[in-house]
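Good morning, and thank you for joining this group meeting. I would ask you to look at the sequence and the model on the screen before I begin.

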Amino acid sequence: MAFKIELFVIDMHQSIHFYQEILGCSLMKQGENSALFKNEDTFLLLTGESILDGDHYFRKRNLANKGVGVELILSVDDVNDHYEQITKVAPKVIESPIKHQSWGATDFRVIDPDGYYIRVTSKG
């Protein structure tokens, strides 16, 4: 089973930069209003919110509250390395610093350009 996630974004260029250059996700293909990232069994599709018509469910629910109550989790091989890299290139995206959690994982949180909340965590 593969899990696929679609995020609607305001600025495609800015979002691609964030996921590719800051988080290190692999860009598979890109169109005018979309970009597809694939890492292992996870697919992340970014779609420009401008394609949504006025009747779309998301338009009716207020796009200003994107991702409220949702935490995306990115598992990486070396969470410390990811944290160091992000603090060098984009420290403002870090919402909470790296921490060893009581359940055994080490993680930190970042906020993407559209306000989506992402936990970057150690694998395992």
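I will speak about strand pairing, then aromatic contacts, and then pockets.

Please keep in mind throughout that this is a predicted model.

Let me begin with strand S8, which covers residues 117–122. Strand S5 pairs with S8 in the parallel sense, and six bridges join the two. Within that pairing, serine 75 is found opposite threonine 121 of S8. S8 also pairs with strand S7, residues 106–111, here in the antiparallel sense and over five bridges. Arginine 109 has arginine 119, in S8, as its bridge partner. What do S7 and S8 form together? They form a hairpin, with five residues between the two strands. In the turn of that hairpin, glycine 115 has a positive phi of about 95 degrees.

I turn now to the aromatic side chains. How many aromatic pairs does the structure hold? There are five. One of them joins phenylalanine 8 and phenylalanine 58: the ring centres are 5.3 Å apart and the planes stand at 65 degrees, so this pair is edge-to-face. The two partners belong to distant parts of the chain, with phenylalanine 8 in strand S1 and phenylalanine 58 in helix H2, 50 residues apart. Are these two rings buried or exposed? Phenylalanine 8 is buried, at a relative accessible area of 9%, whereas phenylalanine 58 is partly exposed, at 33%.

Another edge-to-face pair is made by tyrosine 83 and phenylalanine 108, with ring centres 4.9 Å apart and planes at 70 degrees. Because tyrosine 83 lies in helix H3, residues 79–89, and phenylalanine 108 lies in strand S7, this pair ties together parts that are 25 residues apart in sequence. Tyrosine 83 and phenylalanine 108 are both buried. Phenylalanine 108 thus brings us back to S7, the strand that forms the hairpin with S8.

Two further ring contacts deserve mention. Phe8, Tyr57 and Phe58 are linked by ring pairs into a cluster. Separately, the charged end of lysine 4 sits over the ring of phenylalanine 43, at 5.3 Å from the ring centre.

My last topic is the pockets. The largest pocket holds about 560 Å³ of space. Its lining comprises 23 residues, and those nearest the centre are Asn39, Thr42, Ile73, Leu74 and Ser75. Strands S1, S3, S4 and S5 each supply at least two residues of this lining. Which of the strands gives the most to the lining? The answer is S5, with five residues. Ser75, then, lies nearest the pocket centre with the others just named, and serine 75 also stands opposite threonine 121 in the strand pairing. By class, the lining has 13 nonpolar, five polar and five charged residues.

The second largest pocket has a volume of about 290 Å³. It is lined by 16 residues, with Phe58, Asn65, Lys66, Gly67 and Tyr116 nearest the centre. Both S1 and helix H2, residues 57–60, supply at least two residues of the lining, and S1 gives the most, with four. Ten of the lining residues are nonpolar, three are polar and three are charged. Phe58 thus appears here beside the pocket centre's other nearest residues, as well as in the ring cluster with Phe8 and Tyr57.

That concludes my presentation, and I thank you for your attention.

Conventions. Residues are numbered from 1 along each chain as its sequence is written. This is a predicted model: local features need pLDDT of at least 70, side-chain atom pairs count only at pLDDT 80 or more; totals for chains, interfaces and linings use all residues. Side-chain values use heavy atoms; hydrogens and water are left out. On a 1 Å grid over the protein atoms alone, a cavity is a set of points where a 1.4 Å probe fits but cannot get out, and a pocket is an open set with protein on both sides within 12 Å along at least five of seven lines; lining residues have an atom within 4 Å of a point. Grid points are joined across faces, edges and corners, and a volume is the space filled by probe spheres set on the points. Ala, Val, Leu, Ile, Met, Phe, Trp, Tyr, Cys and Pro count as nonpolar, Asp, Glu, Lys and Arg as charged, and the others, Gly among them, as polar. Two strands pair if DSSP finds at least two bridges between them. Rings of Phe, Tyr and Trp (its six-membered ring) pair if their centres lie within 6.5 Å; planes under 30 degrees apart count as stacked, over 60 as edge-to-face and the rest as tilted. Buried means under 20% relative accessible area, exposed over 50%, partly exposed in between (1.4 Å probe, protein chains only). A charge sits over a ring if NZ of Lys or CZ of Arg is within 6 Å of the ring centre and within 35 degrees of the ring normal.
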